[in-house]
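User: I am new to reading models of this kind, and I would like one slow, careful walk through a single part and what surrounds it. Could you begin at one residue and follow the contacts outward from there?

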Amino acid sequence: MESILNSIKRYLGIHIDDNSFDEEIMMHTNGALSVVNQLGVGPPNGFRITGFSETWDDFMGSKLFELVKEDVFLRVKLNFDPPANSFLVTALKEQLKEYDWRIEVYYSGNPSPGDQTEG
């Protein structure tokens, strides 16, 4: 499965071997993961990345919803490298609102593997 940090770096246009911004990208990524975690995605006790070993599968389990990746990326983009044009910033923020709603609806009807109890 794909490393969360590698995919975010790729989406930002940063080569995987360029470690210049890893700490900042991880900080913004962890913030974004916290937000989507509050929407019902991921382990109930939260999740954070510390390097390249954490994957999307680790975060979402077998219930992969590609929109989560895009939501996390847009949040990192807005914090790490926001567009200079205020209209684009506003458009991205509106897009995030829709993504958040769709993610919350999707995950509220489909509990994460960690939320289920064996019986």
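Analyst: A good place to begin in this predicted model is I16, which is located in the loop that joins α1 to α2. With a relative accessible area of 36%, I16 is partly exposed, because a residue is called buried when that area is under 20% and exposed when it is over 50%. If we set aside the residues within four places of it in sequence, the contacts of I16 are N6, K9 and F52. Of these partners, F52 stands 36 residues away along the chain, and the C-alpha atoms of I16 and F52 are 9.8 Å apart.

Going on along the chain from this loop brings us to helix α2, which covers residues 22-38. At 1.5 Å a residue, the 17 residues of α2 should span 24 Å, and since the C-alpha atoms at its ends are indeed 24 Å apart, the expected and computed spans agree. Many side chains can be followed here, for the buried residues of α2 are D22, I25, M26, H28, T29, N30, A32, L33, V36 and N37. Among the elements that cover these buried residues are α1 (4-12), α3 and α4. After α2 comes G40, whose phi angle is positive, near 110 degrees.

Two of the buried residues of α2 repay a closer look. T29 lies in this helix, and its relative accessibility is 0%, so it counts as buried. A polar atom of the T29 side chain is 2.7 Å from the backbone oxygen of I25, while further along the sequence, beyond four places in either direction, T29 touches I4, I8, I49, V72 and V76. L33, which also belongs to helix α2, likewise has a relative accessibility of 0% and is therefore buried. Its contacts, once neighbours within four places are left aside, are F47, I49, W56, F59 and V72. The partner I49 is 16 residues from L33 along the chain, with 9.0 Å between the two C-alpha atoms. Both contact lists include I49 and V72, as the one for T29 shows and the one for L33 shows.

From α2 we can turn to α4, one of the elements covering its buried residues, and ask how α4 meets α5. Two packed helices are described by the angle between their axes together with the distance between those axes. For α4 and α5, the axes come within 10 Å and cross at roughly 145 degrees, and the crossing in which α4 passes α5 is left-handed. On the α4 side, the residues that meet α5 are L67, V68, E70, D71, L74, R75 and L78, and on the α5 side they face a list that includes V89, L92, L96, Y99, D100, I103 and Y107.

What does α5 itself look like along its length? At 1.5 Å a residue, its 23 residues should span 33 Å, and its end C-alpha atoms are 33 Å apart, so the two values agree. At the start of α5, a side-chain oxygen of N85 comes within 2.7 Å of the backbone nitrogen of F87. The buried residues of this helix are V89, L92, L96, Y99, D100, I103 and Y107, and they pack against α3 (56-60) and α4.

One charged side chain at this meeting of helices deserves particular attention, namely R75. R75 forms a salt bridge with D71, with 2.8 Å from N to O; the two residues are both in helix α4 (residues 66-80), 4 residues apart, which is about one turn of the helix. R75 also pairs with D100 in a salt bridge, where the closest N and O atoms are 2.5 Å apart. Because D100 is in helix α5 (residues 86-108) and R75 in helix α4, this pair ties together parts that are 25 residues apart in sequence. R75 and D71 are buried, and D100 is buried as well.

A contrasting case is the salt bridge between D81 and K77, whose closest N and O atoms are 3.2 Å apart. D81 is partly exposed, its relative accessible area being 35%, and K77 is also partly exposed, at 23%. Elsewhere, salt bridges with shared partners join E2, R10, E66 and K69 into one network. In total, the count comes to 9 salt bridges.

Definitions and conventions
Residues are numbered from 1 along each chain as its sequence is written. This is a predicted model: local features need pLDDT of at least 70, side-chain atom pairs count only at pLDDT 80 or more; totals for chains, interfaces and linings use all residues. Side-chain values use heavy atoms; hydrogens and water are left out. A salt bridge is a side-chain nitrogen of Lys or Arg within 4 Å of a carboxyl oxygen of Asp or Glu. Buried means under 20% relative accessible area, exposed over 50%, partly exposed in between (1.4 Å probe, protein chains only). A polar contact is a pair of N or O atoms within 3.5 Å; within protein, one must be able to donate a hydrogen and the other to accept it, and residues adjacent in sequence count only if both atoms are side-chain atoms. Contact means heavy atoms within 4.5 Å. The expected span of a helix is 1.5 Å times one less than its number of residues. Axes are lines fitted to C-alpha atoms, for helices over the stretch in contact, and angles run from 0 to 180 degrees between N-to-C directions. A crossing is left-handed if the near helix is turned anticlockwise from the far one by less than a right angle, and right-handed if clockwise.
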